[in-house]
Amino acid sequence: MSLASVPAPTGFQGPHEPGVLELTLQLTRLGLNAPDLGSAMTPVLDALVAQTSAVGAGYFQLADQTLAYHARAASGVMPEGPAMDALLAHGLPRHLPLIGALEASPDILYFQDTDGEPAASGFPELGVCALIAAPIHDRAGRLVGALLAHVFQPHDWSGPERHLIDSVTGLLTLLAARLDAEEREHAAHEGALRAMGLSLEARDAETQGHTDRVTALALRLGQHFGLEASALRALRWGAYLHDIGKVAVPDSILLHGGPLTPPMRARMEMHVTDGVTLARHLPFLPAATLDVIAGHHERWDGAGYPQQLCGEQIPLLSRIFAVCDVFDALTNVRPYKRAWTVTETLTHIQAASGQHFDPQVVAALLDVLADASGLPESA
């Protein structure tokens, strides 16, 4: 599970000392400025672990497509073992007794000892003894999330601990409503942008699968660089749209079976500026996505196009995507070439390090591909 994080609030009070109002205000400021649900929830969970006897806490959000509550953020020490691995991979199922209890109750559930508690069935097997389960409802009263905090031994939750949980549950409801709505909107944009990228592939059967392959590789490389969730989303959207300007390129050029003539090459290169022009008509796209479209044919040595940017003048997302785009193009059949082997491709990319590509990005690509298990010799 990959969890986004923001700096934890400072100046926490002890588990049973005053300061709930100040803490709630600080968490509210952090949450309202967070770029995504995981980032918003993490400092809240950090606070619970710091301010109560809980040794670990997690937030689970309903995913409509699976009807399960999936882990979105966590803090502290989590249970270990196959059962916990399955829970993190597949979420809390709707038929779990605890979910049923939370759906039926507007109140926070406190378990001093889960052993023998029907509503907490399954948690003793995880090693969880004491448990807090706070329901998060939407405006219609539907259960959309669950905040869980746990201890690995029986524990009687104190009045100050319950007061803190009551306070942050209201904050979580606010944050979940706002950020879940934003994520639903992003999901709708995601599908539309991917469809736009795939529509271009329909013109050329030889590039089938290119969009998804190059997007997946770019994301792996972005994660290697430690990019935050918002930057990864911008990179992913830029990967979907990187060649969208080719919709205006005639088939006689796009599907040409040999080397392009100088006039044909000049027209092909216009797809970058055409793509940026088209993308700017989508007001929800972040500037970093436009950077990917505008800069994926720039070169480290300044010999690229359309702006002849060089070195770090080229945005990092563009540099990341450029090497992924070339890797996929070379390892797959195109109308004008055979598919190169992975070895041939990496030899070419390494030779172009410092000329076509950012040397740090090339080194990162080699690390990412070396970590991949069962990497095929040719795609």
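This passage covers model confidence, internal cavities, salt bridges and unusual backbone geometry in one protein chain.

The structure is a predicted model. Mean pLDDT for the protein chain is 82. A score of at least 70 is reached by 78% of the residues. Two stretches fall under 50. One spans residues 1–18. For this stretch the model has 36 contacts beyond four places in sequence. The other spans residues 373–379, with 11 contacts beyond four places in sequence. Where pLDDT is low, the predicted coordinates should not be read in detail.

Internal space was examined next. A search of the whole structure returned three cavities of 30 Å³ or more. The largest cavity holds about 110 Å³ of space. Its lining comprises 13 residues. Nearest the centre of the largest cavity lie F60, M84, F123, L148 and H150. Three elements each supply at least two residues of this lining: β1 (56–63), α3 (82–90) and β6 (143–151). Of the contributors, β1 gives the most, with three residues. By class, the lining of the largest cavity has 11 nonpolar and two polar residues. Charged residues are absent from the lining of the largest cavity.

The second largest cavity holds about 50 Å³ of space. Its lining is formed by G295, E298, W300, I314, S318, R319, A322, H356, F357 and D358. The largest share comes from α12, which provides three residues. Four residues of the lining of the second largest cavity are nonpolar, three are polar and three are charged. Charged residues thus appear in the lining of the second largest cavity, whereas the lining of the largest cavity has none.

Charge pairing was then surveyed. Side chains of opposite charge can pair when their charged atoms come close. The structure holds seven salt bridges. Among them is the pair D243 and K246, with the closest N and O atoms 3.3 Å apart. Both D243 and K246 are buried. R267 forms another salt bridge, with D274 as its partner. Here the closest N and O atoms are 3.5 Å apart. D274 has a relative accessible area of 22% and is therefore partly exposed, as burial requires a value under 20%. A further salt bridge joins E344 to R338, with the closest N and O atoms 3.0 Å apart. E344 counts as partly exposed because its relative accessibility is 31%. R338 has a relative accessible area of 49% and is also partly exposed, because only values over 50% count as exposed.

Two backbone features fall in the loop between α11 (287–295) and α12 (316–330). The peptide bond from Y305 to P306 is cis. Its omega is near 10°. P306 lies in the loop that links α11 and α12. Q308 lies in the loop between α11 and α12 as well. Q308 is not a glycine, yet it has a positive phi of about 55°. With a relative accessible area of 46%, Q308 is partly exposed, because this value lies between the 20% and 50% limits.

The helix α12 (316–330) therefore links two parts of this account. It borders the loop that holds P306, and it gives three residues to the lining of the second largest cavity.

Definitions and conventions: Residues numbered from 1 in each chain as written. Predicted model: local features only at pLDDT ≥ 70, side-chain atom pairs only at ≥ 80, totals over all residues. Heavy atoms only, no water. Helix = DSSP H or I, 4+ residues; strand = E, 2+ residues; numbered from the N terminus. Buried < 20%, exposed > 50% of the residue type's maximum accessible area, 1.4 Å probe, protein only. 1 Å grid on protein atoms, 1.4 Å probe; cavity = no way out; pocket = protein on both sides within 12 Å on 5 of 7 lines; lining within 4 Å. Points joined across faces, edges and corners; volume = space filled by probe spheres on them. Nonpolar A, V, L, I, M, F, W, Y, C, P; charged D, E, K, R; others polar. pLDDT = per-residue confidence, 0-100. Contact = heavy atoms within 4.5 Å. Salt bridge = Lys/Arg side-chain N within 4 Å of Asp/Glu carboxyl O.
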